[in-house]
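Please open the model in your viewer and keep a selection panel at hand. The tour below goes from stop to stop, saying what to select and what is found there.

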Amino acid sequence: MMGDILICIAEAVAGSAAWLGRSLSCVCVQRRDSDASSFFDLTLAQEECLQRLQRRIHVPYDSSIIEHQEALRALWNAAFPEEELRGLISEQWKEMGWQGKDPSTDFRGGGFISLENFLFFARNFPKSFQDLLWKREGDRSVWEYPFAVAGVNITFMLVQMLDLEAVKPRTLVGATFLKFLEENESAFDLLYCIAFKLMDHQWLSMRASYMDFNTVMKSTRRELEKELLQEEVLRLEDLPSYKLLSR
């Protein structure tokens, strides 16, 4: 049933690239004129953490690299441990919510880090990962969001929200995140898990259908920004939305 729904969604949108583009353009906020010259100072440790994360962000998914192939196979095994993958290019991938039989075409929107995010989620919060994959919780829409493509969108949204491609953060949210990153090198991956679960929570609360995906993503971003700036949040595990996750 899930595979049928995802295939229908894929047919309803104008290809993965177009769908990704429409989604991502809506969750990015235009910078104010003053932002270009306003930077938050960083410690040396924070600068090094940011640079390491930026190097990850700039790695494209490359299907010719063995490490990337193995990571993709690992993702399949984590998602469907009892089903053998017949090939890295296979109609089976549609079961996970990729728009076609070759996931590499969808990874172009988020790069290799989006695959790493998926794997971190599957390995550290397997119950939540499987619940989202199979849409086990809540009163679901007939036209659900595709799990895999939504995950790539979330990676891209977080990069934009945290202004991670800037030399130094130009927003308070970005500067705050780097404090968490300094304490935890996996902070971006952890925030990804929180954001994905929060997005699904918002989806259910809004009784959304696939045409509402952009609206849900914008709502998710606003909620994350609000939670990250709460004074009582000293680590990502203190975020109210972290409680949505289960192992």
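Which residue's side chain meets that of Glu116 in a salt bridge? Before selecting anything, bear in mind that this is a predicted model. Now select Glu116 together with Arg56, whose side chains meet in a salt bridge with an N to O distance of 3.1 Å. Glu116 lies in helix H6 (residues 112-124) and Arg56 in helix H3, so the pair ties together parts that are 60 residues apart in sequence. Glu116 counts as partly exposed at 24% relative accessibility, and Arg56 is likewise partly exposed, with a relative accessible area of 22%. Add Asp189 to the selection, and you will have a network of salt bridges that links Arg56, Glu116 and Asp189.

Stay with helix H6 for the next stop and select Phe112, which lies in that helix. Phe112 counts as buried, because its relative accessibility is 6%, below the 20% cut-off for that class. If you then select Ile57 and draw a distance between the C-alpha atoms, you will find Phe112 and Ile57 7.5 Å apart in space, although 55 residues separate them in sequence.

Two further salt bridges can be visited, out of a count that comes to 14. For one of them, select Lys94 and Glu91, where the closest N and O atoms are 2.9 Å apart. Lys94 is partly exposed, with a relative accessible area of 23%, and Glu91 is also partly exposed, with a value of 46%. For the other, select Arg136 and Asp131, whose side chains meet at 3.5 Å, N to O. Is each partner of this pair buried or exposed? Arg136 is exposed, with a relative accessible area of 51%, whereas Asp131 is buried, with a relative accessible area of 6%.

Next comes the space inside the model. The structure holds one cavity of 30 Å³ or more, and about 30 Å³ of space lies in the largest cavity. To display its lining, select Leu50, Leu162, Asp163, Leu164, Ala166, Lys168, Pro169, Gly174 and Leu178. Colouring this selection by residue class will show that the lining divides into six nonpolar, one polar and two charged residues.

From that lining, keep Leu178 selected, since this residue, one of those that line the largest cavity, also lies in helix H9 (residues 172-183). Leu178 is buried, with a relative accessible area of 1%. Add Thr43 and compare the C-alpha positions: Leu178 and Thr43 are 9.7 Å apart in space, while in sequence they are 135 residues apart.

For the last stop, turn to the surface and select Phe40, Leu172 and Leu229, which form a nonpolar patch there with about 250 Å² of accessible area together. Where in the chain is Phe40 found? Following the backbone, you will meet Phe40 in the loop between helix H2 (15-27) and helix H3 (44-57). Phe40 counts as partly exposed, because its relative accessibility is 32%, a value that also lies over the 30% required of patch members.

How values were computed
Residues numbered from 1 in each chain as written. Predicted model: local features only at pLDDT ≥ 70, side-chain atom pairs only at ≥ 80, totals over all residues. Heavy atoms only, no water. Patch = residues over 30% accessible without salt bridge, like charges linked within 9 Å, V, L, I, M, F, W, Y side chains within 5 Å. Areas by Shrake-Rupley, 256 points an atom, 1.4 Å probe, with all protein chains shown as cover. Salt bridge = Lys/Arg side-chain N within 4 Å of Asp/Glu carboxyl O. Helix = DSSP H or I, 4+ residues; strand = E, 2+ residues; numbered from the N terminus. Buried < 20%, exposed > 50% of the residue type's maximum accessible area, 1.4 Å probe, protein only. 1 Å grid on protein atoms, 1.4 Å probe; cavity = no way out; pocket = protein on both sides within 12 Å on 5 of 7 lines; lining within 4 Å. Points joined across faces, edges and corners; volume = space filled by probe spheres on them. Nonpolar A, V, L, I, M, F, W, Y, C, P; charged D, E, K, R; others polar.
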